[in-house]
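Work through the exercises below with the sequence and the coordinates open beside you. Each task sentence is followed by a solution that goes step by step.

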Amino acid sequence: MSQYAHAQLKALRTRSGYSQQKLADLLSMPQSSYAAYERETYKRQFIPQELALKLEPALVGRGTPPITREEVFALAGMAVPSSAPATPASQPQEQTQRFAPVAVESVFPTGGPPMVRDMPVYGTAQGGTEGTFLLNMTGGPIDFVLRPPALAKAKTVFVIYVEGDSMVPWREPGEMVFVHETRQPAPGDYAIIVLRPEDEASEPRAVIKRMVKRTASYIEVEQFNPPKTIKYPTSEVFRLYRVLTQSEVVWGV
């Protein structure tokens with residue numbers, strides 16, 4: 001079995017008989033947010049503890065053999081909480097709060113400032129031209145990662161995981177990029193281009209590219225693998241976010 005949590009989570013969900021949509025409904029979260037945890041780009045050893053606590057009443061007792069509490073909490077690297085009784089899978093789910101930052105700190109060995117695991121991850125961005133974007137700015141983060149010291153006061157920066165290989169060698173699949181929520185990209189910047197959904201029931205699509213040109217009628221971007229340029233009509237662009245440079249991540253914005 002894969003060492004990463006996404007494969008183990010998918011195996012339990014499949015064993016339970018739930019579709020991604022059904023399980024997401026039980027967890028009171030968008031399907032696109034839940035799906036991010038099962039994607040290969042979610043290269044984490046464990047899922048957030050908050051997610052495991054929400055999964056327990058939905059999964060325990062389902063499947064063949066029945067899913068155990070130990071299996072669910074193992075996804076988050078947790079021992080079974082002794083104070084939390086098992087909840088049958090058929091019991092109605094209660095609304096829960098959005099994930100909160102994990103209270104974990106990592107201190108530099110040189111005695112520098114602490115790194116707190118409170119930088120929100122809002123999803124994944126496709127590197128290819130089609131791009132199924134799983135950004136979930138309204139539904140809450142799917143995870144938290146350590147906040148670089150230079151971004152300690154940057155409250156409008158979030159993280160996404162890159163999918164696909166169209167931006168190699170700039171970014172490999174599964175790498176993190178830091179994105180500014182309010183700063184607009186300019187030609188030469190790397191950008192997240194969120195495209196308007198086709199209808200109200202659809203999720204917004206998006207791509208991560210390098211901006212070449214921006215006019216009143218279109219945005220021209222480039223990808224590296226294979227090399228090509230793409231034009232998106234301005235009328236199709238829903239949002240734009242600028243990807244921070246390595247210097248900005250290290251030295252601040």
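**Exercise 1: helix H1 and its surroundings**

Just after H1, Gly 17 takes a positive phi of about 90°; helices such as H1 (H or I, at least four residues) and strands (E, at least two) are DSSP runs, numbered from the N terminus. The model is a predicted one, in which local features need pLDDT of at least 70 and side-chain atom pairs count only at pLDDT 80 or more, while totals for chains, interfaces and linings use all residues. Residues are numbered from 1 along each chain as its sequence is written, and side-chain values use heavy atoms, with hydrogens and water left out.

Task: compare the span of H1 with its expected value, then locate its buried residues and what covers them.

Step 1. The expected span of a helix is 1.5 Å times one less than its number of residues, so the twelve residues of H1 should span 16 Å, which agrees with end C-alpha atoms that are 16 Å apart.

Step 2. Buried means under 20% relative accessible area, exposed over 50%, and partly exposed in between (1.4 Å probe, protein chains only); the buried residues of H1 are Ala 5, His 6, Leu 9, Leu 12, Arg 13 and Ser 16. Seen down the axis of H1, these residues fall within an arc of 130° and therefore line one face of the helix, the arc being that of the directions from the helix axis to the C-beta atoms.

Step 3. Among the elements covering the buried residues of H1 are H2, H3, H4 and H5.

**Exercise 2: the strands E5 and E6**

Task: describe how E5 is covered and which residues of E6 stand opposite Tyr 161 and Val 159.

Step 1. Seven of the seven residues of E5 are buried, with Val 157, Val 159, Tyr 161 and Glu 163 on one side and Phe 158, Ile 160 and Val 162 on the other.

Step 2. E5 runs antiparallel to E6 (residues 176–180), to which five bridges join it; two strands pair if DSSP finds at least two bridges between them. The bridge partner of Tyr 161 is Met 176, whereas Val 159 stands opposite Phe 178.

Step 3. On E6 itself, four of the five residues are buried. Two bridges join E6 to the antiparallel strand E11 (residues 237–243), where Val 243 stands opposite Val 179.

Definitions and conventions. Contact means heavy atoms within 4.5 Å.
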